[in-house]
Amino acid sequence: MDDVLLSHLGALIAERHPVTAPAALRRTEAYLTEQFTRLGLGVSTHPFKALGGTYRNVIATIQQSAAPSSPPPLIIAAHYDTVEASPGADDNASALAVLLEVARSLRDVPLARSVRFIAFCLEEENLLGSLAYASSLQAADEEICGAIVLECVGYARSEEGSQQKPPMGKGASWRAWGGRVEKMPVAVPTVGDFLGIVGNAASAHLVKAVEAAANQAVPDLRTISLVVPGNGELLPDTRRSDHAAFWHHGYPAVMLTDTANFRNPHYHQPTDTLDTLNLAFMEKVARAVAAAAIALCSTTQSTAQRRKGASIWKEAVLTVPHLATLVANLLADRRVPAQAKATLTGVVAYLAMPFDLIPDFIPVLGYLDDLVLVILVFDGVVNQIDEAIVAEYWKGDPAMLQRLRAMSRRAARFIPGWIKKKLFKSP
């Protein structure tokens with residue numbers, strides 16, 4: 001794999017700036033298009049207007065295995081522009097090389113959802129490319145499973161003191177269990193040999209899924225995860241890449257990073273060159289991302305059920321045991337509002353009953369009461385409380401949690417408003 005990474009890096013490393021090196025920026029766009037095409041992926045571009053011209057995000061897609069329904073796609077992304085006067089080896093040729101390698105690894109893997117590999121342009125210009133793309137998703141009312149954004153993933157050191165801690169914003173503090181903490185919510189090591197996984201509260205489930213897959217598939221790759229409240233306003237350094245564009249539009253996204261200038265002295269400098277990169281570290285990152293994508297696009301349970309003719313709704317009903325565990329834990333959490341707890345108490349009581357209003361052995365109708373329960377709970381409670389709390393207690397498939405969220409939002413439109421208001425709104 002190192003030879004493949006080296007080949008990509010050799011083609012990519014050069015100043016790629018819209019003003020000072022526009023030709024190189026266009027060559028990089030062409031190279032990425034060519035490489036994705038060689039892999040047999042469907043390739044398109046997403047043009048957008050910026051800086052007085054038209055620029056393009058490059059999109060390559062692995063289509064899902066044949067299935068009657070189309071679950072939301074997973075996005076894996078990296079930016080391809082640089083700042084002025086920097087050849088951009090770590091920032092961000094390292095991520096582009098990993099992106100191409102992950103695409104190669106996944107192209108023949110059966111997946112239950114599509115994967116979009118996106119190379120964003122103009123990340124260094126206030127995230128213009130990713131903001132344009134995320135805005136287009138929102139305008140089309142399109143759901144995604146989540147976005148994994150690669151940002152500087154090629155620099156790693158083993159010396160003590162090689163890692164610095166990012167500062168908190170002026171006057172910032174972190175809320176935790178009703179109190180305030182005036183320090184970083186995670187311990188930052190002093191050795192820069194780990195991969196950072198950064199998400200916001202709405203992406204906590206995605207952070208957990210990526211971390212678990214990476215730790216299982218690549219145990220020798222050290223990972224440090226950070227979930228920030230809101231959209232990272234208290235720690236502005238967590239917003240410095242294209243994942244923040246997805247946060248802005250309400251989509252779950254994580255950033256994978258070597259922490260850039262908090263580790264790499266060559267960040268945004270003319271010295272950000274090939275010889276400073278750690279190819280072994282990049283290879284581990286590529287394997288971790290591929291593993292995370294496979295986990296998030298797993299075919300093991302949902303595809304098998306769909307082949308038997310089970311609907312996505314029946315799949316949702318089969319998560320009732322996880323739902324029962326979730327609501328029981330939420331009941332004990334003082335961060336959950338009292339009105340939501342009152343509703344959850346009724347849900348737990350119903351789940352504990354030895355009989356249903358409509359017995360499950362009755363075809364189709366037997367699942368109706370459980371189905372309405374799933375819709376009401378996810379739309380009326382889970383979609384309204386802190387997603388980080390929900391992710392903390394959800395023991396099922398993180399991808400299923402996302403599907404349930406999306407399905408419940410749509411299905412709840414058909415449940416009378418007075419029912420939802422009585423159950424979930426304060427008097």
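These points walk through a predicted model of a protein chain.

1. Overall make-up. The protein chain has 427 residues, and 52% of them are buried. Its secondary structure comprises 15 helices and 10 strands. Consider the contacts in the chain with a separation of 6 or more. Of these, 77% link residues 24 or more positions apart. A search of the whole structure turns up 10 salt bridges. Three of them are described further on.

2. The S1 and S2 hairpin. Strand S1 covers residues 42-50, and strand S2 covers residues 53-62. The two run antiparallel and pair over 9 bridges. To see the register, look at proline 47: it stands opposite arginine 56 in S2. The hairpin has 2 residues between its strands. Leucine 51 in this hairpin takes a positive phi, near 50°.

3. Glutamate 123: where does this residue sit? Glutamate 123 belongs to the loop that runs from strand S4 (115-120) to helix H4 (128-139). Glutamate 123 is buried, yet it has no salt bridge. The nearest side chain of opposite charge is that of arginine 240, 7.2 Å away. A salt bridge needs the nitrogen and the carboxyl oxygen within 4 Å, so at 7.2 Å arginine 240 does not qualify.

4. The surroundings of glutamate 123. Its side chain does have a polar partner: the side chain of histidine 79, at 3.2 Å. Set aside neighbours within four places in sequence. Glutamate 123 is then in contact with His79, Asp81, Glu151, Arg240, Ser241 and Asp242. Arginine 240 is thus on the contact list, although glutamate 123 has no salt bridge.

5. Leucine 127, in that loop. Leucine 127 also lies between S4 and H4. Its phi is positive, about 60°, although the residue is not a glycine. Most residues other than glycine have a negative phi. Is leucine 127 buried or exposed? Its relative accessible area is 13%, so it counts as buried.

6. Threonine 259. Here is another positive phi in a residue other than glycine, this time near 80°. Threonine 259 lies in the loop between strand S10 (253-257) and H7. Its relative accessibility is 16%, so threonine 259 counts as buried.

7. Helix H7: the start and the length. H7 spans residues 279-296. Asparagine 278 caps its N-terminal end. A side-chain oxygen of asparagine 278 lies 3.2 Å from the backbone nitrogen of alanine 280. The helix has 18 residues, and at 1.5 Å a residue it should span 26 Å. The end C-alpha atoms are 26 Å apart, so the two values agree.

8. Helix H7: its setting. How many residues of H7 are buried? The count is 13 of the 18, so the rest of the structure largely encloses this helix.

9. A salt bridge within H7. The side chains of glutamate 283 and arginine 287 meet at 2.7 Å, N to O. Both residues lie in H7, 4 residues apart, which is about one turn of the helix. Glutamate 283 has 18% relative accessibility and counts as buried. Arginine 287 is partly exposed, at 33%.

10. Arginine 157 and glutamate 159. This pair forms a salt bridge, with the closest N and O atoms 3.0 Å apart. Arginine 157 is partly exposed, with a relative accessible area of 36%. Glutamate 159 is partly exposed too, at 37%.

11. Aspartate 333 and arginine 335. Their side chains meet in a salt bridge at 2.6 Å, N to O. What is the relative accessibility of aspartate 333? The value is 0%, so aspartate 333 counts as buried. Arginine 335 has 30% relative accessibility and counts as partly exposed.

12. A cis peptide bond. Most peptide bonds are trans. The bond joining aspartate 91 and asparagine 92 is cis, with omega about 15°. Asparagine 92 lies in helix H3, which covers residues 89-106.

Definitions and conventions. Residues numbered from 1 in each chain as written. Predicted model: local features only at pLDDT ≥ 70, side-chain atom pairs only at ≥ 80, totals over all residues. Heavy atoms only, no water. Buried < 20%, exposed > 50% of the residue type's maximum accessible area, 1.4 Å probe, protein only. Lys, Arg positive; Asp, Glu negative; His and termini not counted. Polar contact = N/O pair within 3.5 Å; in protein donor to acceptor, adjacent residues only side chain to side chain. Contact = heavy atoms within 4.5 Å. Pairing = 2+ DSSP bridges. Expected span 1.5 Å × (residues − 1).
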